[in-house]
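Student: I'd like to learn to read a fold feature by feature. Can you walk me through one?

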Amino acid sequence: MSTTSPAHTADLVVFGGTGDLSMRKLLPALYHSDRDGRLSPETRVIAMSRGGLTDADFRGKVDAEVRDQVPIDDPATWQRFLGRLHHVSVDVGGADKSGWGALSRLLAGHEQRDRVFYLASPPRTFGPFCRELEEAGLVTPRSRVVLEKPLGHDLPSAQRINDEVGAIFDERQIFRIDHYLGKETVQNLLVLRFANAFLEPIWNSLWIDHVQITAAETVGTPGRRGYYDHAGALRDMVQNHLLQLLTLTAMEPPARNDREAIRDEKVKVLQALRPITGTEVDRFTVRGQYTEAGGMPGYLDEPASTPPTEASRRVETFTAIRAEIKNWRWAGVPFYLRTGKRMPYRRSEIVVQFKDVPHSIFPGGTPNRLVLRLQPEEGIELHIMAKEPGAGEVTLKPVPMSLSFGKTFTARVPEAYERLLTDVLAGNPTLFMRRDEVEAAWRWIDPILSAWESSGDLPEPYPAGTTGPAGAHELLGRSGREWHEEDV
Ligand code: BG6
């Protein structure tokens, strides 16, 4: 698990520092850290972009665009935060190297500080950025580099990025972000499993029927076609976020709460995933694409700067997969993964469905279910059978025993990026993906991608605002199971 100890003084250099991610996630998260006293007084944030902005321009931009996203209870704190911000213009891969000179001057004399280079830019820039950074002599032993997703589009491209970045930075200096790992419930999953005795004896195929991991979104992909046509739900959500949730649900108890012990166990789960190859994709995977419905446009009609192409017609905005983990604990327990855009609700959750009682003496019971909700309202629910009050016949009813983090703890639940940035600044990589994890995930994803490509089939259409194509329901229905759709 991560630490929240105060970070050392750092120079945090954000490449892509004026982009969407920076404005919507990183800067608000940094402001919260500052407000809560988790940034040392001298820590600076240096945005790099091609924008040609001065420090004053950048501070003005942040004042205009970020101020409304965060609570400003004390204007002096906001001014202090703005005072930490700097901007350096750089043209990575271009002939003009003056930006590196400007960055060197800003960093000079501060070699003892932690240096964090956060690459919030397209992955093709990762290698060139690291090379130019090194040529400018800016990589110190106290440097770290943070890589945003997507880390490649298949195994070879991920390996290339890892090689390029690995040529400049040691693995221990590389922090690969998966923002799902910063979500509070995800960390609570480890505490629930490994700080409570009652679950471990039943956390296996003897007691668990199956697991469902869902990340459903109501949003579509307006303005994102350029990226999404070549990503799709499998690369965008499953390769990283959903597989990370699967590893934390299925991993063996680590011997220690430390960075390598936890990641060692996670990677073993990925390596134990049964490959889905060739025509097996028809049985174990489902692809869908949303179509126009309920006043919402279909994927092909979303606003975009270019018209749809063949790639747009082929890309999946929904996928469901039946995964299997070939090890002693999980043999025979399906892990159903599901994610989609334009679904009727926004919800990310892990549902652990227990088996039925071996012999029931009451009519009408349903098996227990543990729901770990990541969003919208983070919490844990254990659905147990109870007797409905009343005289006469015993009538059973499933009732949830709920823990809502928002209601139980008064402390503000931090955004995922806030937790992750705190850990980067503290040098704690536990909640970041190691090279072997990323590559093991691609090793499982690649055969599915190539089987989809060679099948020539198009994704099944599903109307926007619904729970995905019919195939997704058949995937579970074939074995008499159904998706957890409570409160819909
Ligand atoms: C990102 C994906 O990684 O995660 C987006 O690229 C997706 O397509 C987003 O919308 C979902 O994140 P969250 O935290 O809103 O579930």
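Tutor: Sure. Let's begin with a helix pair: helix α10 (residues 259-271) packs with α15 at an angle of about 15°, and their axes are 9 Å apart. Keep in mind that this is a predicted model.

Student: What does that angle make α10 relative to α15, roughly parallel or roughly antiparallel?

Tutor: Angles under 35 degrees count as roughly parallel, so α10 is roughly parallel to α15. As for handedness, α10 passes α15 in a left-handed crossing.

Student: Which residues of α10 and α15 meet?

Tutor: From α10 you have Arg-263, Lys-266, Val-267, Leu-270 and Gln-271, and they meet Asp-436, Glu-437, Ala-440 and Ala-441 of α15. Sorted by class, this contact of α10 with α15 has 4 nonpolar, 1 polar and 4 charged residues.

Student: And how do helix α6 and helix α15 cross, at what angle?

Tutor: Helix α6 (residues 155-166) and helix α15 (residues 435-455) have axes that come within 9 Å and cross at roughly 165°. Anything over 145 counts as roughly antiparallel, and therefore α6 and α15 are roughly antiparallel to each other. Here, too, the crossing is left-handed as α6 passes α15.

Student: Which residues in α6 meet which in α15?

Tutor: On the α6 side, look at Leu-155, Pro-156, Ala-158, Gln-159, Asn-162 and Asp-163; they meet Arg-435, Glu-439, Trp-442, Arg-443 and Asp-446 in α15. The class count for α6 with α15 is 4 nonpolar, 2 polar and 5 charged residues.

Student: Now the sheets. In what order do the 9 strands run?

Tutor: To read a sheet, follow the neighbours across it, then look at the pairing and the edges. The 9 strands form an open sheet in the order β14-β13-β12-β11-β7-β10-β9-β8-β15, with mixed pairing. Its edge strands, β14 (396-404) and β15 (460-463), each pair on one side only. From one strand to the next, the twist averages 20°.

Student: In what sense do β12 and β13 pair?

Tutor: Antiparallel: strand β12 (residues 369-375) and strand β13 (residues 379-387) pair over 5 bridges. For one register point, take Leu-372, whose bridge partner in β13 is Ile-380.

Student: Which strands do α7 and α15 lie across?

Tutor: Helix α7 (residues 184-194) lies across β11 (347-354), β12 and β13, and runs at about 145° to β12. Back to our helix from the start: α15 lies across β8 (285-291), β9 (318-323) and β10 (335-340), running at about 65° to β8.

Student: What about the sheet of 6 strands: what is its order?

Tutor: That open sheet runs β3-β2-β1-β4-β5-β6, and its pairing is parallel. β3 and β6 (174-176) stand at the edges with a single partner strand each, so one side of each is left without a neighbour in the sheet. The twist averages 20° from one strand to the next.

Student: How many bridges join β1 to β4?

Tutor: 6 bridges join strand β1 (residues 10-15) to strand β4 (residues 114-119), and the two run parallel. Leu-12 has Val-116 as its bridge partner in β4. Packed on this sheet is helix α1 (residues 20-35), which touches β1, β2 (44-49), β3 and β4; the direction of α1 makes about 165° with that of β1.

Student: How many salt bridges are there?

Tutor: The rule is a side-chain nitrogen of Lys or Arg within 4 Å of a carboxyl oxygen of Asp or Glu, and the count comes to 44 salt bridges. One of them is Lys-97 with Glu-132, where the closest N and O atoms are 3.3 Å apart. Lys-97 lies in the loop between β3 (85-89) and α4 (98-107), while Glu-132 is in helix α5 (residues 126-135), so the pair ties together parts that are 35 residues apart in sequence.

Student: What should I look for in the backbone?

Tutor: Most residues other than glycine have a negative phi, and most peptide bonds are trans. Look for departures from that. A cis peptide bond joins Lys-149 and Pro-150, with omega about 0°; Pro-150 sits in the loop between β5 (143-147) and α6. Another cis peptide bond joins Gln-375 and Pro-376, with omega about 10°, and Pro-376 is in the loop between β12 and β13.

Student: Where does Arg-342 lie, and what is the phi of Arg-342?

Tutor: Arg-342 is in the loop between β10 and β11. Its phi is near 55°, a positive value in a residue other than glycine.

Notes
Residues numbered from 1 in each chain as written. Predicted model: local features only at pLDDT ≥ 70, side-chain atom pairs only at ≥ 80, totals over all residues. Heavy atoms only, no water. Axes fitted to C-alpha atoms, helices over the stretch in contact; angles between N-to-C directions. Helix = DSSP H or I, 4+ residues; strand = E, 2+ residues; numbered from the N terminus. Parallel < 35°, antiparallel > 145°, perpendicular 65-115°, else oblique. Left-handed = near helix turned anticlockwise from the far one by under 90°. Contact = heavy atoms within 4.5 Å. Nonpolar A, V, L, I, M, F, W, Y, C, P; charged D, E, K, R; others polar. Pairing = 2+ DSSP bridges.
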